[in-house]
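User: I would like to go through this model by question and answer. Please keep the reasoning short and end each answer on what was asked.

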Amino acid sequence: MLKIGLGSPQYGSFTDPGTISGFASAVEEIGFDSLWVGDRALVPTEPRDQYPGGGPVPEEYRNFLDPVVTLSFLAHATRRLRLGTSTLNAPFYSPLLLARSLTSVDILSEGRLDIGFGLGWSSDEYDAIGVPWRGRGARMEEILDVLDHVWSGSSDEYKGALWTIPSAHIETLPVQRPRPPVLLGGFTPATLERIGRRADGWAGVGLPVPQLAYVISEIRQIAEANGRDPEALRTVVRVNPVVTAEAAPSEAVPHRGTVQQVSDYLLAAHAAGADEVLIDLQQTARSAEELTDLAHRFHEQLSKG
């Protein structure tokens, strides 16, 4: 059965605590399965790197709440919904402190955390944070190693290329064992190999359906080649649509289109292998009421499928 998720209010004009908690309660009652947050440190005035998909960086990103803090707030505001990151730019963070933060969310949500990690796209952000842009793939690998070490509950020393953790007692462990599900975003060959080899699934985006099916197939083949069960890996496909009243050209969907057009794309993505879809409406809604209304309309259409 298709699971249906939403981007939580977190950025742009939707950072009011009442809006966040009210939306979370409403969509939990409607019947959605999950809420997700993103990760943006800054929006450069003169970006060196192209925004994924082309065009300018959305103005809404200029006002962006911290993802882990927002997840903690959502853990208190909800009872059933899964809570995820789509995606957290893992190289921005110290892995030991990242383990502590994510473990805290999993505990406070009583085991409802899904972790989506990405590498980000902005070298400006890396520079501002003080993390090298080069070698970010290798940094991601070791971050995953550190997280697995900490979450194992081992008191042994960890020694890697970038981090050393002395023999220590770290007994704050996630509710979900051996760890909360870890999904990785991206679709470069190196990323697909990493997903198939060690992740719990793919944090995907709204690619054309044939390309989407190809990526899912590639990940499953890599998983099988590594002795893993390919059917155990999840795929969550994210779209950030601009919802229109009139039908958009087919080539614009799912980035632009009616509720019906975007829903039809998401159902096709499900048929191609996506287990869950994630719709972020913060770049199209202009009020909290419209945000909830659009969520309701999407749920109606997707539930029919």
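The turns below cover the overall build, the salt bridges, one strand and its partners, and the pockets.

User: What kind of model is this, and how many helices and strands does the protein have?
Analyst: This is a predicted model. Helices and strands here are DSSP runs. The protein has nine helices and 13 strands.

User: Why is the protein said to be as compact as a globular protein of its length?
Analyst: For 305 residues the globule rule gives 19 Å, and the protein is close to that value, so it is as compact as a globular protein of that length. Along the principal axes, the C-alpha atoms fill a box of roughly 60 × 45 × 40 Å. The radius of gyration is 19 Å.

User: What percentage of the residues count as buried?
Analyst: Buried means under 20% relative accessible area. I20, in helix α1, is one such residue, because its relative accessibility is 3%. Of the 305 residues of the protein, the share that counts as buried is 53%.

User: How far apart in space are I20 and R134?
Analyst: The two residues are 114 apart in sequence. I20 belongs to helix α1, residues 17-30. From C-alpha to C-alpha, the distance between I20 and R134 is 36 Å.

User: Which residue forms a salt bridge with R40, and which parts does the pair tie together?
Analyst: The closest N and O atoms of the pair are 2.5 Å apart, which is within the 4 Å cut-off for a salt bridge. R40 lies in the loop between β2 and α2, and its partner lies in helix α4, so the pair ties together parts that are 85 residues apart in sequence. The partner of R40 is E125.

User: Are R40 and E125 buried or exposed?
Analyst: The cut-off for buried is under 20% relative accessible area. R40 has a relative accessibility of 12%, and E125 has 1%. By that cut-off R40 is buried, and E125 is also buried.

User: Which residue of helix α4 forms a salt bridge with R48?
Analyst: R48 lies in the loop between β2 and α2 and its partner in helix α4, so the pair ties together parts that are 76 residues apart in sequence. The closest N and O atoms are 3.2 Å apart. The partner is buried, with a relative accessible area of 15%. That residue is D124.

User: Which helices are tied together by the salt bridge between R194 and E141?
Analyst: The side chains of R194 and E141 meet at 2.9 Å, N to O, and both residues are buried. They are 53 residues apart in sequence. R194 lies in residues 189-198 and E141 in residues 136-152, so the helices tied together are α6 and α5.

User: Which residues are linked with R194 and E141 in a network of salt bridges, and how many salt bridges are there by the rule?
Analyst: Besides R194 and E141, the network links D145, D148, R179, E193, R197, R198 and D200. By the 4 Å rule, the count of salt bridges comes to 15.

User: Which residues of strand β13 point the opposite way from E276 and L278?
Analyst: In a regular strand the side chains alternate between the two faces of the sheet. In β13, E276 and L278 point one way, and all four residues named for the strand are buried. Those pointing the other way are V277 and I279.

User: Which strands run parallel to β13?
Analyst: Four bridges join β1 to β13, and the two run parallel; here K3 stands opposite E276. Four bridges also join β10 to β13, again in parallel, and V239 stands opposite I279. The strands are β1 and β10.

User: Which element gives the most residues to the lining of the largest pocket?
Analyst: The largest pocket has a volume of about 1,400 Å³. It is lined by 40 residues, with Y51, P52, W121, V205 and N240 nearest its centre. The elements that give two or more residues are β9 and β10. With four residues, the element that gives the most is β9.

User: How many charged residues line the second largest pocket?
Analyst: The second largest pocket has a volume of about 170 Å³, and α9 gives the most to its lining, with three residues. Among the lining residues are K3, D33, H270 and H299. By class, the lining has five nonpolar and five polar residues, and the number of charged residues is two.

Conventions
Residues are numbered from 1 along each chain as its sequence is written. This is a predicted model: local features need pLDDT of at least 70, side-chain atom pairs count only at pLDDT 80 or more; totals for chains, interfaces and linings use all residues. Side-chain values use heavy atoms; hydrogens and water are left out. Buried means under 20% relative accessible area, exposed over 50%, partly exposed in between (1.4 Å probe, protein chains only). Two strands pair if DSSP finds at least two bridges between them. On a 1 Å grid over the protein atoms alone, a cavity is a set of points where a 1.4 Å probe fits but cannot get out, and a pocket is an open set with protein on both sides within 12 Å along at least five of seven lines; lining residues have an atom within 4 Å of a point. Grid points are joined across faces, edges and corners, and a volume is the space filled by probe spheres set on the points. Ala, Val, Leu, Ile, Met, Phe, Trp, Tyr, Cys and Pro count as nonpolar, Asp, Glu, Lys and Arg as charged, and the others, Gly among them, as polar. The radius of gyration is taken over C-alpha atoms; the globule rule is 2.2 Å times the number of residues to the power 0.38.
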